[in-house]
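Me: Hi! I've got a new model open and would like to talk it through with you. Can we go bit by bit?

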Amino acid sequence: MMRSITTAQAMNEALAEEMRRDPAVYVVGLGLYPSAGESATSGLVDEFGELRVRSAPMSETAIAGSAVGAALVGMRPVAELHLADFAFNALDEILSKSGKWRYTHGGNDGMKLPIVFLEGIGGYVAGASEHSQSPLALYWHFPGLKIAVPATPYDAKGLLKTAVRDDNPVMFFTHKLGAPGPVPDDEYVVPFGEAVVRRPGADVTVVATSYMVVLSMEAAANLADQGVDVEVIDPRTLEPLDIETIVASVVKTGRLVVVDEDTERCGVGAEIGAQVMERAFTALRAPVGRVANPNLPVPYSPPLEQAVLPSITSIETAILATLTN
Amino acid sequence: MTLTAVEKQALYIAMVRSRAFEEAAGALAASGDIPASWLSGIGQEGTLGAIVQLRADDYLTITHRGAYGFIGRGSDPRRLLAELLGKKAGYCKGKGGRHIADLEHGILGKSGTVGGHAPLAIGVGTAIQNWGGDQVVLSLFGEGTSNRGTTHASMNTAAVWQLPVVWVCENNGYVGNVPASVYTATPDIADMAASYGMPGEVVDGNDALAVHDAARRAIVRARSGSGPSLLELKTYRIRPFAESATDVRDPAEAVAWRDRDPVAGLRDRLLESGELTLADAEAVTAAAREEMAAAAAYARESPFPDPAAAFEDLYA
């Protein structure tokens, strides 16, 4: 049976199921209870108690860093950092203490760091520059992390269960926006490194993650009315990246547009574009298009925000540009 | 509770072995066998008074300085020196250098940032508390590291959660050549404990027996579930910040502190009390030097890793 639930509800189910399955799993974050409103951690304290749902002091350093220490001695922490913007306070803990720790120490004595860092991303909420960021490329740049970017409640639940079971640090990004979607009653997981074709098409390949999938699907629907057949691919995880599915699509369409809410420079579009050119240069019939934030802080006022962040219109324009080349 | 003669002898042996390791590592740095530098812990071995009383299942986080943490926990000097030389047989297969983990002995790894360990220590405390264990985490840091937000966030969290963490500040008075008064507002780091509602105590860090006594109280408190404590060990590093660094501190200061050498100090007390004979003391030193010379030879003769190994160990 399917139900329609939100991403937060889907993540809540994933956490509860994994905490029941494995006593090493616990959640740590700021203000986890009493919780007002719906969140991924709502109500967990009632079932699992205050040791496994740890309401932390207001310190991302303590939240992320304690997760690393606990993971080193056999726990499987889920660190709720709320917004990616806030998690910048804990970059040393995330990038160096979790991402590089195993490698630096040569995997000493079977060292593992099974940690999930939950971070909310995205704009379109008048959050201004420090409550709207989507720094996927920053984390992708550094070695040792895995990166999950679900676009639907279904994937949020299935990927989060996989993330909790992974023996490596996983960055888990969910967008502030996002509609409810169908999620099965029965347990399931979504593996890392398997892209999904959200919409098949023959003319242009669009690669998008998270909320950009929603906007790209709208753009594709609009262009279908004009006779342009767009294929939309959602990688679901950036690390590992299912580049094969993307390349196969580009070989078919000859055109690629990458849509990313983050700043464009050294971004997700640059990386995916480069990988496609390395593997399928001769298949490309037009320059790779990028739709992203034009390297600006996200402004507050809605008209300004709309001028900076990707929109259905800007995605359509980029897709059409690849067809005129 | 007073230590038995055997326990005092064991502490003395650990200090002598640590000193001998430092001398061996210093020589390997001077000869260029260590491709980076070595941050000598000579003069700070009194900290072993705290370390040697940890249980096998306890945990320790270390600083960038010295090897006494490893020696005190029972790590293999051969694998430590092999790591410093970048050899495959090292604890981190040559990937870490001074950044060494020995999980088997509860040493979780070494941060490249000072203050990087404190948040890890509270995580270990979290795990102990969640599992219902009675282990403790001993977390070392320097007085310079008391400046970092990680230190304060972690001390606060340990106190709020009543975690079994013993914070041990080794105050050697300097960051590089800069005296602590330039960068730290309070002369006694132990005073910071009051901000976090835990006991804080200043201890003569060069008196290993005094360190042992103070640490025992803190460890008992942590083990019983009563929460963290902060000890401040007043000490001095005899060597420069790094073996490769220039020391411009007042030489008279080092001379004065050499007179308070923690290793010689304990030896003299044990000789005086009859708990150690001069012959035993000399035998301990000779055995330690022989052990570390053999470890150095092992490290030098040990092969480098295959370059292909650079592509291993990123993910579990």
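Reply: Happy to. One term before we start: helices (H or I, at least four residues) and strands (E, at least two) are DSSP runs, counted from the N terminus. Keep in mind that this is a predicted model.

Me: Good. Where does Tyr124(A) lie, then?

Reply: Tyr124(A) is in the loop of chain A that runs between strand 5 (116–121) and helix 7 (136–141).

Me: And what is phi there?

Reply: Near 70°, which is a positive value in a residue other than glycine.

Me: Backbone oddities, nice. Which peptide bond leading into Pro34(A) is cis?

Reply: The one from Tyr33(A) to Pro34(A), with omega near -10°. Pro34(A) belongs to the loop between strand 2 and helix 2 of chain A. There is also a cis bond from Glu239(A) to Pro240(A), where omega is near 0°. Pro240(A) sits in the loop linking strand 12 (237–239) and helix 10 (243–253) of chain A.

Me: Let's move to sheets. What is the strand order in the seven-stranded one of chain A?

Reply: Seven strands line up as 3-2-4-5-7-6-12 in an open sheet of chain A, with mixed pairing. Strand 3 and strand 12 of chain A are the edge strands, each pairing on one side only. On average, neighbouring strands in this sheet are turned by 20° against each other, direction ignored.

Me: How many bridges join strand 4 to strand 5 of chain A?

Reply: Four, and strand 4 (residues 76–83) and strand 5 of chain A run parallel. Leu83(A), for instance, stands opposite Gly120(A) in strand 5 of chain A.

Me: Which strands does helix 1 of chain A lie across?

Reply: Helix 1 (residues 7–21) of chain A crosses strand 2, strand 3, strand 4, strand 5 and strand 7 (170–175) of chain A, and runs at about 135° to strand 2 of chain A.

Me: What about the sheet with five strands in chain A?

Reply: That one is open too, with mixed pairing and the order 9-11-10-13-14 in chain A. Strand 9 (196–199) and strand 14 (289–293) of chain A each have a single partner strand, so one side of each is left without a neighbour in the sheet.

Me: How do strand 13 and strand 14 of chain A run, parallel or antiparallel?

Reply: Parallel, joined by four bridges, with strand 13 of chain A covering residues 256–263. Val259(A) has Val291(A) in strand 14 of chain A as its bridge partner. Helix 11 (residues 268–280) of chain A lies across strand 10 (204–208), strand 13 and strand 14 of chain A, at about 150° to strand 13 of chain A.

Me: Changing topic: how much area do chain A and chain B bury between them?

Reply: About 3300 Å², 64% of it on carbon and sulfur atoms. On the chain A side, Arg54(A), Val73(A) and Tyr103(A) lose the most area to chain B, together 19% of what that side buries.

Me: How many residues does each chain bring to the contact?

Reply: Chain A brings 44 residues and chain B brings 42 residues.

Me: And how many salt bridges are there between chain A and chain B?

Reply: Zero. There are 21 residue pairs in polar contact between chain A and chain B, counting pairs with both at pLDDT 80 or more. Helix 3 of chain A gives the most to the side that touches chain B, with eight residues. By class, that side of chain A has 18 nonpolar, 15 polar and 11 charged residues.

Notes:
Residues are numbered from 1 along each chain as its sequence is written. Chains are lettered from A and ligands numbered from 1 in the order in which they are written. This is a predicted model: local features need pLDDT of at least 70, side-chain atom pairs count only at pLDDT 80 or more; totals for chains, interfaces and linings use all residues. Side-chain values use heavy atoms; hydrogens and water are left out. Contact means heavy atoms within 4.5 Å. Buried area is the accessible area (1.4 Å probe) that two parts lose on being put together, summed over both. A salt bridge is a side-chain nitrogen of Lys or Arg within 4 Å of a carboxyl oxygen of Asp or Glu. A polar contact is a pair of N or O atoms within 3.5 Å; within protein, one must be able to donate a hydrogen and the other to accept it, and residues adjacent in sequence count only if both atoms are side-chain atoms. Ala, Val, Leu, Ile, Met, Phe, Trp, Tyr, Cys and Pro count as nonpolar, Asp, Glu, Lys and Arg as charged, and the others, Gly among them, as polar. Two strands pair if DSSP finds at least two bridges between them. Axes are lines fitted to C-alpha atoms, for helices over the stretch in contact, and angles run from 0 to 180 degrees between N-to-C directions.
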